[in-house]
Each structure stands twice: as C-alpha cells, then as structure tokens.
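Dear colleague,

I am passing on the structure below, together with some notes on what was found in it. Please read the notes with the coordinates open beside them.

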Amino acid sequence: MPFFNWKESAMNKTDKLQPLQEMAIAYANSLPGAKAYWREDWETYYFDIMGKMFGIVHDNVITLKNDPYINTELREQFPFIIPGYHMNKQHWNSIVVDKNEFPDEGVKKLIHDSYDLVLKKMTKKQQAELQLRIDLGQL
C-alpha cells in the first residue's frame with residue numbers, strides 16, 4: 001500500500017482543513033506582501049508573493065519550495081516529507097499532513113524558507129516595489 005494515495009484524496013474549498021493546514025494558510029498570509037487564497041482553477045490554496053508561488057495546500061499535503069540539496073536531506077530524514085506532488089521534484093517537497101511529526105514552528109520555518117527563496121529570486125525592481133507597497137500599507 002502506498003504511503004499516500006493521491007487518487008483517493010480530493011479537496012475542494014468546502015472540505016474541512018486539518019489544523020496544520022489552517023495554521024499554514026494563516027502563517028503564509030502573515031508574511032509581508034504574501035497572500036494565501038483559494039485558487040479555483042487549481043482547486044487548492046495557493047501561497048503567492050507578487051504573482052510568484054511559494055506554496056500550496058492541496059488534499060492532505062502542504063507543498064513548499066526549497067533548495068534542492070535541502071529537499072533531498074529532508075526527504076531522507078523524514079518519511080512524511082515526499083517529493084512535491086505535481087511539482088518539480090527537485091525544487092519542491094510535500095509534507096503529508098496526517099503523517100507530519102514536525103511541531104508547528106518547524107512547518108512555519110519551511111514556509112518562511114520557501115517565501116524567502118522566492119523573494120530572493122525576484123528582480124531588484126520587484127523587491128523594491130514590494131517594499132514600497134508594504135511601507136505604504138498597500139499590502
């Protein structure tokens with residue numbers, strides 16, 4: 001039996017989220033300039049910073065971006081972290097929520113790492129625009 005059966009899991013906006021998923025969405029929304037929202041076309045909660053994705057909550061997983069080396073290390077150390085579902089397996093990991101053994105703070109760190117990685121890859125102009133919008137209270 002596979003560790004997680006994707007075909008038996010389907011999420012829509014009305015499904016009850018698990019507490020870890022609710023915490024992840026709330027935390028993503030608390031990051032400067034970030035928003036987490038239901039994306040109907042993907043049927044998932046989408047973590048966004050200026051149009052760039054840094055995570056999703058889908059089915060029974062939280063999928064986040066990270067450095068490929070770190071992703072490999074995490075997968076080797078923790079059985080509840082698997083290659084990112086429907087994502088580039090090198091750059092994305094999925095945390096299987098009902099198998100997760102991290103405390104909330106550990107998951108928050110991974111969310112923040114994903115956010116930072118995407119933020120650092122933005123152009124200087126995009127970063128400056130984001131900072132200006134934050135300073136003006138537009139975000």
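In this predicted model, the contact between helix H1 and helix H3 is formed by Leu20, Met23, Ala24, Tyr27 and Ala28 on the H1 side, which meet Asp104, Val107, Lys108, Ile111 and His112 on the H3 side. Sorted by class, the residues of this contact are 7 nonpolar, 1 polar and 2 charged. H1 covers residues 19–30 and H3 covers residues 104–121, and the two pack with their axes 10 Å apart at an angle of about 45 degrees. Because angles from 65 to 115 degrees count as roughly perpendicular and those under 35 as roughly parallel, H1 and H3 are therefore oblique to each other; the crossing of H1 over H3 is right-handed.

Turning to the interior, the largest nonpolar core has 31 residues, among which Phe47, Phe54, Ile62, Val107 and Ile111 touch the most other members. At least two residues of this core come from each of H1, strand E1 (34–39), strand E2 (44–49), strand E3 (52–58), strand E4 (61–65) and H3, with H1 giving the largest share, 6 residues.

Ile62 may be a useful place to start looking. If neighbours within four places in sequence are set aside, Ile62 is in contact with Leu20, Gln21, Ala24, Ile56, Val57, Asn93, Ser94, Ile95, Val97 and Val107. There is also a second, separate core of 5 residues, including Tyr46, Met53, Ile56 and Met87.

With best wishes

Technical notes
Residues numbered from 1 in each chain as written. Predicted model: local features only at pLDDT ≥ 70, side-chain atom pairs only at ≥ 80, totals over all residues. Heavy atoms only, no water. Axes fitted to C-alpha atoms, helices over the stretch in contact; angles between N-to-C directions. Helix = DSSP H or I, 4+ residues; strand = E, 2+ residues; numbered from the N terminus. Parallel < 35°, antiparallel > 145°, perpendicular 65-115°, else oblique. Left-handed = near helix turned anticlockwise from the far one by under 90°. Contact = heavy atoms within 4.5 Å. Nonpolar A, V, L, I, M, F, W, Y, C, P; charged D, E, K, R; others polar. Core = buried A, V, L, I, M, F, W, Y, C linked by side-chain atoms within 4.5 Å. Buried < 20%, exposed > 50% of the residue type's maximum accessible area, 1.4 Å probe, protein only.
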